[in-house]
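Trainee: Got a minute to go through this one with me?
Mentor: Yes, put it up.

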Amino acid sequence: FIKMTCLQGLHMCPDKESGLQAWNPGHSEDHHVTIGYGRSVLLMDSATVHSIEILDGGKLVIADTSRPILLRTKHILIGNKGEMHVGVQYYHTSKHNYFGRKYVGVGTGGTLEIHGQKKLSWTFLNKTLVPGESNQNSYLFQRGWGNRGIIVHVIDPKTGEVLRSTRTAVKDESRRLAQYVEAVEPGLLLAMVVNDEGSNNLEDMAKKSLSKLGSQHAPAPGLSVRPTSPPSQSLKKAEWTECSPLDIQAETHDGVPSNQTGDVLHRVDKEYGLVCLNKDQTHGLCHNYRVRFLCGKLVRPQASVSIDLLSDSSLLELAERPVGWGPGDRLVVASTDYSMHQAEEFSLLPCPKCSPEQVKVRGKAQFLHMGEEVDGVDMRAEVGLLTRNILIRGEMEPGCYGNEACKFFDFDTFGGHLKVERGFRAVHVSGVELQHMGQQSMGHYPVHFHMNGDVDERGGYDPPTSVSDLSIHHSFSRCVTIHGSNGLMVKDVVGYDTLGHCFFTEDGPEERNTFDHCLGLMVRAGTLLPSDRDSTMCRNITSGAYPGYVANPRQDCSATSTFWIANPNNNLINCAAAGSEETGFWYLFHHVPTGPSEGMYFPGRTEHTPMGQFTNNRAHSNYRVRHSPLHLCVCVYGPHEDADPFKPRVPALIHHFVAYKNQDHGAWLRGGDVWLDECQFADNGIGLTLASGGTFPDDDGSRQEVKNTLFVGESDNHGTAQPDNRVWGTGGADLSGRTMPRGLNFPIRGMQIYDGPIKVQNCTFRKYVALEGRHTSAFGFRLNNSWQSCPNNNVTDITFDNVPITSRVFFGEPGPWFSKMQMDGDKTTIFHDVDGSVSEYPGAFLVKDDNWLLRHPDCIDVPDWRAAICSGHYAQIYIQTRNPANLNMLMVKNEYPDRPLALEGALGKRKHYQQFQPVITLAKGYTVHWDQPAPAEVTVWLINFNRNDWINVGFCYPQGTTFTILADIHNRLSKETRKTGVFLRTMQRDKVNHSHLSRGYYYLEPDTGLLFIKVKAHNDRESFAFCSVKGCERVKITAVIPKGSPPSNCMARAYPRHAEQPIVDVPMPRKLPNARLHSPEHFLEIKMESYNTRFFHLKEDFAYTEVNGRKLYQPEDGVMLTIVDGHDGKLVETKSFRNTILQGIPTQLDSYISGLADGSVVIVTSKGRLVTRGAWTKALERLGVDKSLKLKDKLVLVGFKGPFRPEWVHVEVGEDRVKIHQVLPIPVVQKTKL
């Protein structure tokens, strides 16, 4: 059955229309009711019938009465020209071929008008609700005065309200005090605060009155509180303060000082005074004394009284007036921590004393619910209304029965549903509560618009169709479903505790629908679609996908979303996704429409459709960890005008999106032009990841941007500690206990750089603080990444607030979460620090510290980041291989032949082709080698090459291989390929460099097996495009490989023959002066080198240290120590120790190091042939050198004298030349251990 209950409160009155016939059908579950042929009836009282069909001009109106009307029925069908009008509140509903069972159905020509009382749908908490606290205003009285006296408060013990108060001067007003006390009604509380020794002057009548309250003696300075009946309130201790005394003086009432009376006095202390005991006195009695506290300065005494209520209720401070809310209404307060299950329900209590923005609720909060902005991020909890004066509710059985869902749920999931069929006449539903609605079967949802086409003005609906001010809760399948319908307004709807996607657009053609100010929370997995299911459901249910397809639990499931949007041309404004098992907002665009909508648009249309409004939305407390609360486009997405990829781009704008306390991502956005502006990310495992198309951007020339955005790593919202919380640990800038997004050692990142191209501009990063054992960083990279990394990932105008310089960036290292760091994308990460706001070197590129395809001799290591700061012209080549595809590749830069880059390919080894995607330095020479026989087909794509950019490459092939090599341009948009030239064989290697567009040359070196070609770009390229304006320029090598050939690795034969002297083509930028950094921290650049040179038979040794541009040469053989203050980076001194000292008096070095101040940076160079053995080497261990290190002729060391070993401690040893060039953070600070 479906129940429909109506309560009084409608503003418009359809029950007052003329011509309505009173109708009271009584109660019979066998009664089939048909209202038709122009009959209009008014239901005056509660009724039970089997079913109701309204058609052919029939009309059913529910009366607006002062009592509830309960209508129970299995279904209501509103057919052609039928109308149903409900003015005030409650619903309940044999199977129909279209609508099913237990439904309210609006068929062709039907009208449904349900309008409940206007109430505020949801708002924000405006004051933080602390677990166990009531937030009710405690009474606080504070007053300073200069005269003696007693302050009296009379308090109502039921409400804690101060009814009245007075002050008496004591000496002259004992009678008034007595009369005041006697007049206090029984059952009230009295609180009294006494100033000075005024109580000594009370007359007997006042003392007698006070003794009736339970006093054993007259009030002394301080507090006397005596209830006239047992209190229900808690009176906090009242305080009387005058000063913190320096000393105490006592004299008799006659003015005789205590030291002249002959009495024996005991000084307790200077704060509590003197004690005189009669038994100690020779004359038997103590004199009467008065005491003066000596404060050192004149102060006014101050009294305070505070009152805290101990009632089982709480006050909620709201951001808006709760219009229409009343006693008995139910509310839900959203979680503001990582778990959506911290949402709490409350019922409203009367509160005549509440301000217009306050409500009183029964009970206390179990969890912390924020009601304020935290570290610049709006983390206020949403407060949603669940109660409405019109209720549509499904009658439920006590347990699950009769369908597959019972494998996963132990409760009945067969609720009621409201469904609207195509061709309806009018539907407007507002002010309605829907409870126990929806079914775990396809097509039966609390509110369902099914294949209606245009339901706004375009479809002839005036006013446009809308649902608003709905409270949908404790339901069993979604909240609002829009299926094949356009232009629907969904406004001020609360969806709470439901199964499967809450706000759901289904097949892909749904457009122009608007979700305005909608709230969804506690969205759990359901069984209908693979994307609704959790992994357990997905493994056990194989239906629900398109025919013949079995869902992959890892790829297709675990995507339960609060808002599931299948077409970009919809609007989401002011909405909140406040807790789902997976994702808050998921945009997934169907390449072709699915289900009944098949064929409604051409393939790929939605992938290029401009995005509607996405403004002022928020997502938090999304529970599981796989997906982000804002997940845009798992598919290809490149928005263009008129959805035509050949027309201008129309960027998708994400404006003022707030994401906090999400276990995995704040947002993951994949696509073309997707731009974020003025967003806020806080307390997410990963703040934001921008992803292009993986291997290639799907819309070449597009870019993703984030600007004017705030990222907060670990805010002052610490969450609530729970006994079973496995992710509670130390963190944040204050190193306090807090809930954590994932594991305790999860590497929290703000901006995660993936493939690109991206642009990060004018963003602030706050409170990202790494611990020893947890690699938190403002900028990080995708873990276990096999895809490309674009050198056009640009970062500019970045501000760091409470982010240690060591926590700005982290490139990763082998270990937990990072695995072995052996995937291709892990090794090729790069971004461009355009203005130096990250690295302090304007225009520099940050690269992985062990990627020698990108490094040059002047690159500067950043050990804390596992990075190097470099300069250069960088691009990419994609090397696609076939036959075989399951091979690994080694790429060697000729300048560093002993530092090859090993790549395993971006694709799985079972693919029919493989793709390697290294970032390279332009205008250099390289060789390529394989762990198997060379592939029969190699295609080299020139990526991010500008016109005339080039590299030389030698590919290793077995002896006897023959080749066909050509050049072409491939247009990825039109799918057309055009041949542009051929490569001819030459016997002169130098001729390779004389290639041009239509004719190139290749050289096969017989003794090494290297095939040399020069790849060069001949066309212009747009700024963010991977390929040229004419398409992707490629060189395709087709080879005939002799059978049985060995692995094609020519490195041993190629080098040192093809080794080249490293050259710096682009000078390194100068470091920004410290005065321009606006930060208490900065990098200290250190460079040191020890080497020898030969000129014929002459050999000469050199060694120097350079600190922030100041070069210091070592004058003599031995070692030179350069001392830098680790607190401010200033050079302190240098000290040399000759080899003779190291051998003869090794303790000199040890004593010198012992005498250095802790926190000293110690830079060591050697000159000449170093003494590699002896007691002196022990001194190096004090600077962080491992005792197992074997010294050689040359030594350079950056060490540290102190109680810990910083990560930047570095030593190099060698025979002829050693060098260190790095930066280290100033001041030097020890990381806290996890």
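**Disulfides and a sheet**

Mentor: Start with Cys-859, which is buried at a relative accessible area of 2%; buried means under 20% relative accessible area, exposed over 50% and partly exposed in between, with a 1.4 Å probe and protein chains only. This is a predicted model, where local features need pLDDT of at least 70, side-chain atom pairs count only at pLDDT 80 or more, and totals for chains, interfaces and linings use all residues. Residues are numbered from 1 along each chain as its sequence is written, and side-chain values use heavy atoms, with hydrogens and water left out.

Trainee: What does a disulfide join Cys-859 to?
Mentor: To Cys-870, S to S 2.1 Å; a disulfide here is a pair of cysteine sulfur atoms within 2.5 Å. The torsion about the S-S bond of Cys-859 and Cys-870 is about 130°, so that disulfide is right-handed.

Trainee: And is Cys-870 buried or exposed?
Mentor: Buried, at 0% relative accessibility.

Trainee: How many disulfides does a search of the whole structure find?
Mentor: The search finds 8. One of them joins Cys-400 to Cys-406, S to S 2.2 Å, and is left-handed, with -90° about the S-S bond. Cys-400 is partly exposed at 22%, and Cys-406 is partly exposed at 28%.

Trainee: Which cysteine sulfur is nearest to Cys-679?
Mentor: That of Cys-763, 9.0 Å away, and Cys-679 is in no disulfide. Cys-679 is buried, with a relative accessible area of 1%.

Trainee: Switching to the sheet. What is the strand order?
Mentor: β89-β88-β90-β91-β92, an open sheet of 5 strands with antiparallel pairing. The edge strands are β89 (1131–1137) and β92 (1210–1214), each pairing on one side only. Two strands pair if DSSP finds at least two bridges between them; strands (E, at least two residues) and helices (H or I, at least four) are DSSP runs numbered from the N terminus.

Trainee: How many bridges join β90 to β91?
Mentor: 6 bridges, with the strands running antiparallel. In β91, Gly-1199 is the bridge partner of Val-1162.

Trainee: Which helix packs on the sheet?
Mentor: α8 (residues 1147–1155), touching β88 (1118–1125), β89 and β91; contact means heavy atoms within 4.5 Å.

Trainee: Which residues of α8 are buried?
Mentor: Leu-1149, Tyr-1152 and Ile-1153. Seen down the axis of α8, the buried residues fall within an arc of 95°, so they line one face of the helix; the arc is that of the directions from the helix axis to the C-beta atoms. On the other side of α8, Thr-1147 and Gly-1155 are exposed.

How values were computed: Axes fitted to C-alpha atoms, helices over the stretch in contact; angles between N-to-C directions.
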